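Q: I have a model open and want to learn how to read its packing. Where do we start?

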Amino acid sequence: MPKVVITYICIVLGAFLQGLGMSLFLFPHNIPSGGAAGLAILMNHWVQLPLGLSLWIVNFSFLILALKYFGFSWTVKTMVAVTITSVTVSYVSTLGSFLTPFFWLDLLCGAVTFGVGVGLLIRSGSSSGGMVIPTLMIAKYNDWSPGKVMLWMNFFIFLLTASVIDIRIVFYAILCQTVSTNIIDFIYHLRAPTFITTNQLGWRKK
């Protein structure tokens with residue numbers, strides 16, 4: 001199977017898992033999975049836009065920056081990932097509740113599913129869009145772990161989100177980010193076949 005086909009299979013799978021983590025476990029509890037999701041929740045609260053559409057708008061804004069910095073190929077892959085994630089969130093959100101009776105299990109499942117999805121996207125030379133774009137810029141030039149950079153950047157978005165939702169949500173969101181960013185870093189540093197290594201298809205500046 002051609003490497004480009006395998007790469008896009010990983011992108012589709014990663015984006016789908018990311019969308020499932022958001023729509024099944026995190027968004028029903030108003031827990032933002034990251035900075036972009038936090039902004040989407042704010043848009044949903046302020047202007048009553050559907051969450052899927054809000055997420056797409058937020059991500060598209062960052063993609064304008066990515067097109068100049070990361071190049072056309074990387075941006076197209078990210079656009080595919082963002083669209084699949086948004087469609088997944090919009091569709092699954094209409095199916096009703098799939099929450100477990102245990103809040104902490106929902107939180108863990110959401111964090112793990114989201115983290116695996118984003119990790120696959122980054123390793124496939126794409127991203128989940130949103131705050132991942134400035135995160136990768138900072139991580140690249142400072143040789144820092146992208147997961148940890150993402151955690152701190154999203155922390156400030158969570159504080160803003162707390163202005164319209166329960167302050168406890170910020171605490172839950174930070175816990176979710178702590179789990180998911182460690183999974184992202186694990187996948188990022190994991191030995192993998194060359195078709196999904198960051199050096200070949202990664203997020204370096206073009």
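**Reading the packing**

A: Start with one residue and its neighbours. This is a predicted model. Leaving aside residues up to four places away in sequence, Ile133 touches Phe62, Leu63, Leu65, Ala66, Phe70, Trp74 and Ser127.

Q: Which residues have the most contacts inside the largest nonpolar core?

A: A nonpolar core joins buried nonpolar residues through side-chain atoms within 4.5 Å. Here the largest one has 26 residues. Phe70, Ile122 and Ile133 have the most contacts inside it. Two or more residues come from each of helix 2, helix 3, helix 4 (72–93), helix 5 (103–123), helix 6 and helix 8 (167–189). Helix 3 gives the largest share, seven residues. Another core, of 12 residues, lies apart from it; Leu107, Ala162, Tyr172 and Cys176 are among them.

Q: How do I read a single helix, and what span does helix 2 reach?

A: Compare its span with the expected one, at 1.5 Å a residue. Helix 2 (residues 35–47) has 13 residues and reaches 18 Å from first C-alpha to last, close to the 18 Å expected. Then find its buried residues: Gly35, Ala36, Ala37, Gly38, Ala40, Ile41 and Leu42. They pack against helix 3 (51–70) and helix 7 (146–161). Check the end too: just after helix 2, Gln48 takes a positive phi of about 60°.

Q: Is Thr135 buried or exposed?

A: Buried means under 20% relative accessible area. Thr135 has 1%, so Thr135 is buried. Thr135 is found in helix 6 (residues 132–142). Not counting residues up to four places away in sequence, Thr135 touches Pro146, Val149, Met150 and Met153.

Conventions
Residues numbered from 1 in each chain as written. Predicted model: local features only at pLDDT ≥ 70, side-chain atom pairs only at ≥ 80, totals over all residues. Heavy atoms only, no water. Helix = DSSP H or I, 4+ residues; strand = E, 2+ residues; numbered from the N terminus. Buried < 20%, exposed > 50% of the residue type's maximum accessible area, 1.4 Å probe, protein only. Contact = heavy atoms within 4.5 Å. Expected span 1.5 Å × (residues − 1).
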